[in-house]
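Dear colleague,

I am passing on the structure we spoke about, and below it you will find an account of what came out of going through it. Please read the text with the structure open beside it.

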Amino acid sequence: MAFSVFKGRSPREAVTERLKDSSPGDSLCAMLRGCSDAEWVWALTEGRAEIERLTGLLPTLPDAMQQRRFTGRNDKEAFAQAAGAVGVFLAEARALGLDVSRPGLRVIDIGCGWGRITQTLFRDFEPGQILGCDVMPEALEICRASGLGVELKQMPYMPPVDLADGSADLMVAYSVFSHLSEEAHMAWVEDFARVLRPGGVLVVTTRPRAFISYAESVRRQPDIPPHARATANAFKDSQSWLDRYDRGEFCFDAAFSDGAGRPEDYYGEAVVPGAYAETHWGRFFESVRFTPADKHRKFDQSVIAARKAL
Ligand SMILES: C[S@@+](CC[C@H](N)C(=O)[O-])C[C@H]1O[C@@H](n2cnc3c(N)ncnc32)[C@H](O)[C@@H]1O
């Protein structure tokens with residue numbers, strides 16, 4: 001038997017075949033739901049440039065510098081991380097009893113930045129199901145200019161957000177709660193619980209415990225590159241922060257400043273332990289799950305997920 005029979009298809013071949021089998025006018029979600037992460041990342045990067053049908057259905061990409069400003073990554077690396085994150089978000093939502101394939105399910109991408117996570121959600125949701133929110137008008141402008149094609153909303157730095165009670169089924173936030181102070185964190189958790197419908201799920205990421213030691217290792221480098229200076233400033237006296245984390249305390253250091261003009265003590269580096277989430281989120285949610293980054297191993301942040309009582 002020829003060797004090629006055993007060889008797996010490349011992402012390009014798999015995506016091209018799915019597109020061939022689809023009908024004209026099909027959405028991304030209709031054509032590609034269920035494809036593997038490798039296939040979806042290929043479609044979002046090389047495929048978007050190579051295949052006219054994908055070009056027409058996806059927004060344009062901001063340049064590498066704009067992408068890196070929000071996430072420190074661009075193109076394939078940025079989308080590989082996003083695909084891992086969306087996979088974990090949906091797995092968490094399912095584990096908490098949400099049927100994520102229910103037609104009309106309403107999803108909010110909190111802190112959408114340039115729209116990386118938002119468009120990664122297009123494998124599982126129609127753009128019309130998604131609302132992208134951010135505090136930075138400039139981020140929303142980039143999303144609009146790229147033709148992201150979802151509803152967009154500017155958020156205030158502190159709640160409430162102008163969204164109706166019970167108006168969302170799933171709310172996700174990648175690398176947003178990784179930066180919020182304890183006051184902002186808890187205020188938003190309460191407000192997002194209000195916005196979720198009963199049975200709805202909130203999934204957010206936070207810096208992992210290892211970030212505290214990582215900041216220490218960056219500080220020890222002889223030449224700290226400009227993009228790592230904020231990290232080098234965070235969690236000085238790392239052992240005392242590690243002890244706080246292990247006691248279940250919220251670890252926030254506002255040393256980080258990117259000059260974006262945010263309110264003082266609002267934005268920095270946040271490392272939130274599971275014990276904190278379980279105790280404090282429990283005031284607003286029926287079930288809370290914490291998955292450390294070294295357990296899911298899909299990306300370098302820990303995950304807090306919670307379900308609102310029915
Ligand atoms: C590190 S970026 C991540 C962007 C995007 N989630 C991604 O992974 O590509 C954090 C984003 O959250 C936004 N942000 C910060 N606080 C927020 C809040 N309370 N509500 C909504 N967005 C917020 C920032 O303006 C920024 O665009």
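**The sheet and the two cores**

Val 107 has Leu 170 as its bridge partner in strand 4, and please keep in mind throughout that this is a predicted model. The pairing belongs to a set of three bridges that join strand 1 (residues 107–110) to strand 4 (residues 168–173), the two strands running parallel.

Both strands are part of an open sheet of seven strands, which has the order 3-2-1-4-5-9-8 and mixed pairing. Strand 3 (151–154) and strand 8 (287–291) each have a single partner strand and stand at the edges, so one side of each is left without a neighbour in the sheet. From one strand to the next, the twist averages 15 degrees. Helix 13 (residues 274–281) lies across strand 5 (196–206), strand 8 and strand 9 (302–307), and runs at about 170 degrees to strand 8.

Leu 170 appears again in the largest nonpolar core, which has 49 residues, where Leu 170, Leu 32, Leu 54 and Phe 125 touch the most other members. Several elements each supply at least two residues of this core, among them helix 1 (11–20), helix 3 (37–50), strand 4 and strand 5, while the largest share, nine residues, comes from helix 6. Leaving aside neighbours within four places in sequence, Leu 32 is in contact with Val 15, Arg 18, Trp 40, Ala 43, Leu 54 and Arg 123. A second, separate core of 47 residues includes Ala 168, Leu 180, Cys 251 and Ala 270.

With best wishes

Conventions: Residues numbered from 1 in each chain as written. Predicted model: local features only at pLDDT ≥ 70, side-chain atom pairs only at ≥ 80, totals over all residues. Heavy atoms only, no water. Pairing = 2+ DSSP bridges. Helix = DSSP H or I, 4+ residues; strand = E, 2+ residues; numbered from the N terminus. Axes fitted to C-alpha atoms, helices over the stretch in contact; angles between N-to-C directions. Contact = heavy atoms within 4.5 Å. Core = buried A, V, L, I, M, F, W, Y, C linked by side-chain atoms within 4.5 Å. Buried < 20%, exposed > 50% of the residue type's maximum accessible area, 1.4 Å probe, protein only.
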